[in-house]
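Below is a note on the model, arranged as numbered points. Please read it with the structure open.

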Amino acid sequence: MHIVVCVKAVPASTEVKMDPVTNTIVRDGGDAVVNPFDASALELALRLREERRAAGEDVRVSVLSMGIPATERLLRDCIARGATDALLLSDRAFAGADTLATTHALTCGMCELGMPDLVLCGKMAVDGDTAQIGPELAGALDMACVADVRTLMACANDAVTVRAGGDAGVSLVEATLPCVLTVAKEAATLRMPSIAGVLAAEHATVDVRGAAEVGADAARIGLAGSPTQVVRSFVPEQQAAGVEVSGDAIGQARQLVRIIGEVA
Amino acid sequence: MAAIDKHAGSARIVPLTREHDDYLHDESRSHGEAESISFPTTEGEIRAVLRALHAAGTPVTVQGARTGLAAGAVPHGGHVLNLSRMNRVLGMRRDDAGAYFARVQPGVILSELRKNLHARSFATEGWDDASLQALRALADAPEQIFPTDPTEASACLGGMAACNASGARSYAHGAMRQHVNALRLVLATGDVLALRRGEQRACGRHLTLVTEGGTTLEVELPAYEMPACKNASGYFVEDDMDAIDLVIGSDGTLGVISELELALVPAPAVTWDVSCFFTVEHDALDATVAMRHELGCAAAIEYFDGAALDVLRRQRAESTAFSSLVEPPADAACCVYVELQCASEDEALAELARLGALLERAGGSAEHTWVARTELDREALTFFRHAVPESVNMLIDERRRIDPAITKLGSDMAVPNERLHEVMDLYRTTISEAGLEAAAWGHIGNNHLHVNILPRSAAEYAAGKELFARWARAVTDMGGAVSAEHGVGKLKRDFLEIMYGYQALAEMARVKLVFDPRGQLGRGNLFDEELLDSLRQAGALDGDAEKGGA
């Protein structure tokens, strides 16, 4: 079985820096971490491999990312934690991609890695919050998709059974392989690497490929290949300062009545 | 009680009522009693309170955050001087070599200081120009930290100095003592002694100090030799010692620390935490010895035994608050945790390779390890470490509900390096013979474990106490210390006599009476009150009890 886990580098801090000109997130590689939802997806893949290995089957877990060269460090960390191999799509031509252009790049990456039986993505990324990559990948690869997977119940050679969230609550879903699952954070906590894993990963090869090397269509990648454009991004400005209500209880109650009256 | 309801500066001395019940106990779960309480906010207010209480010789117990484990802050009658409102950072200094120092009031909480340092942001109201200049320089300097790391980050810095707190990173950075550069001590009379490292030294075992009020204190230091291991048992004394070291670790018995100047250090470039699991405890001990020899960047070497891991496993399964704990491997019988602080990732990788190799030789495995390199992973391991004592406390509280006589019983003893295996054999054999349940964890790099008896009945609690006395004698015979970091307080007083003997205790008490002739401060800490009173009486007969010098 071949599982591909898509991972994205996101800022470690929740304070995202925006480029005032392009209105896209500034990704300078400083303090980047693997998107926490993607980390849960990787852990599910590693558990699945352990289960199937115990049954005598060899499972390959590849990690795939599109990002700046510094993302290689994060992919090496994924290998340290147990991933078999990693591919980083890195090229200036990929920069400024929306979810559709990112999907095209990742699809090309999948072809490079070899078509998977199972694709695992985080449900969403903590910086962009779109939750679109998984479903779009399923569309591009013509696979079934189950979003917001909370529990991976079972995985056979031809189907996977999961508990997944939805508007009506949690459902038990069976999907035919190959398929795409997008994973909720609570599905699993990514394991830590061992000393042996860290040292081995230092000598592992993280493949880094450009757009042309993976056969990406230049018209479908990067800012130019993105049908959606961010017109403006901004940090909401602080609203008017709060009003302190003080004094005795009756005085405070009167002040509150007056304030509510002014607002109403 | 002469001074109740009177003003002492703006710090009122008020009767202690039921609303102050919290101030009658600390984290040791011991309870005391007192008649009055005050909450000074400045050194001037401390002085006014002490002056008001001195005439009647009212006992005074100093409190900070009440996180102590030896009952040092639990009052034995008299007045509670609570310093929790003295929580301001007063200034900053940068010396010619580029080292930074923070000047703090004693009630500043460690976690708050850490936050301030990380953000390089302080409330600077009242700071002098030199401090503001140092803060501006800090903005462009490498991040600075205060390295002392007792597990309890809500401890206050005055309390940490009073008991010479240390914690995990003392393996590399030493205890609190090494990081206190200066302090101000208000004496029971309200006079002040200002001490700066390097400026007031003993001549052999004699110390002459002059207070700001012009009083000369002639101090004959005790003759005992301290153990060659981590130690917070009684007064620090050695030939030609620095006077500041006598105050650090004195358990609030000599005076009230009103200000501290703390030496800061640059934050390490790379910090990685590694948990190493073993199936046999003896292998973990061998690995610890090898780590001490072979690792150059270890800042902490910690230990969790099988019972501690089992408590965590149970807690994780039964409590939602602990459900996000990382689960120890099923076959792990114990864990050695190492914090590596390195100058670069390359150095950290080389250290990791050395650690992996030594684990394989010691019977462990480079595979059975967790390496935390990201903030998220490091936070998970911090939670793991802190959950052990918290879970044990919860377990004890649960058992206490069934039998109120049961309370926490945790050891704090350390031995020299070559005695690690011997002391562990002692713990294992005696616990097994007594049929007690126990969990051990702590600072194995310093041969300093907190062995916690988990009594199921009052009888087991009594048996545990007997066991501790037996360990105190054995640890003393090994050249160890009965208290390595919690201080002696009131709970380990009997062990101090086992460790040093009555004569040394009397010598310590005489030192106290030079600083505090009426024996007002920290009554019940270090010394039995009868010993102090008898020495005072004898001194009065000799005409020197209130001498102190002049």
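1. In which loop of chain A is Pro178(A) found? The model is predicted, and in it Pro178(A) lies in the loop between strand 9 (169-176) and strand 10 (179-183) of chain A. The peptide bond that joins Leu177(A) and Pro178(A) is cis, with omega about 0°.

2. Two residues that are not glycine deserve a look for their backbone angles. Ala131(A) has a positive phi of about 60° and is found in the loop between strand 6 (118-122) and helix 4 of chain A. Ala131(A) is partly exposed, because 17 other C-beta atoms lie within 10 Å and a residue needs 20 or more to count as buried. Leu526(B), which is not a glycine either, has a positive phi of about 65°. Its place is the loop between helix 14 (502-515) and helix 15 (529-542) of chain B. Leu526(B) counts as buried, because it has 28 C-beta neighbours inside 10 Å.

3. Helix 3 of chain A covers residues 99-113. At 1.5 Å a residue, its 15 residues should span 21 Å, and the end C-alpha atoms are 20 Å apart, so the two values agree. Its buried residues include Ala101(A), His104(A), Leu106(A), Cys108(A) and Met110(A). Among the elements that cover the buried residues are strand 1 (2-6), strand 4 (60-66), strand 5 (85-89) and helix 4 (133-141) of chain A. Just after the helix, Gly114(A) takes a positive phi of about 105°.

4. On the contact between the chains, chain A gives 10 residues and chain B gives 16 residues. Helix 5 (residues 195-203) of chain A gives the most to the side of chain A that touches chain B, namely five residues. That side of chain A divides into eight nonpolar residues, one polar and one charged.

5. Chain B has 15 helices and 23 strands. Its radius of gyration is 23 Å, close to the 24 Å that the globule rule gives for 550 residues, so chain B is as compact as a globular protein of that length. The C-alpha trace of chain B spans about 65 × 60 × 50 Å along its principal axes. Of the 550 residues, 54% count as buried. Among contacts in chain B between residues at least 6 apart in sequence, 73% join residues at least 24 apart.

6. The domain assignment splits chain B into domain 1 (7-82), domain 2 (89-266), domain 3 (270-477) and domain 4 (502-542). The centres of domain 2 and domain 4 of chain B, taken over C-alpha atoms, are separated by 25 Å. Their contact takes 16 residues from domain 2 and 15 residues from domain 4. On the domain 2 side, the residues that touch domain 4 divide into 10 nonpolar, four polar and two charged.

7. Helix 10 of chain B runs over residues 375-402. Its 28 residues should span 40 Å at 1.5 Å a residue, and the end C-alpha atoms are 41 Å apart, so expectation and model agree. The helix nevertheless bends by about 35° at Ala387(B), and Pro389(B) follows within four residues. Ala387(B) and Pro389(B) are both buried, as are Asp377(B), Phe384(B) and Arg385(B), among others in helix 10. The buried residues of helix 10 pack against elements of chain B including helix 8 (306-318), strand 18 (334-342) and strand 22 (438-443).

Notes
Residues are numbered from 1 along each chain as its sequence is written. Chains are lettered from A and ligands numbered from 1 in the order in which they are written. This is a predicted model: local features need pLDDT of at least 70, side-chain atom pairs count only at pLDDT 80 or more; totals for chains, interfaces and linings use all residues. Helices (H or I, at least four residues) and strands (E, at least two) are DSSP runs, numbered from the N terminus. The expected span of a helix is 1.5 Å times one less than its number of residues. The bend at a residue is the angle between axes fitted to the seven residues ending there and the seven starting there. A residue is buried if 20 or more other C-beta atoms lie within 10 Å of its own, exposed if 12 or fewer, and partly exposed in between; C-beta atoms are placed from the backbone. Two residues are in contact if their C-beta atoms, placed from the backbone, lie within 7 Å. Ala, Val, Leu, Ile, Met, Phe, Trp, Tyr, Cys and Pro count as nonpolar, Asp, Glu, Lys and Arg as charged, and the others, Gly among them, as polar. The radius of gyration is taken over C-alpha atoms; the globule rule is 2.2 Å times the number of residues to the power 0.38. Domain bounds come from an automatic or database domain assignment.
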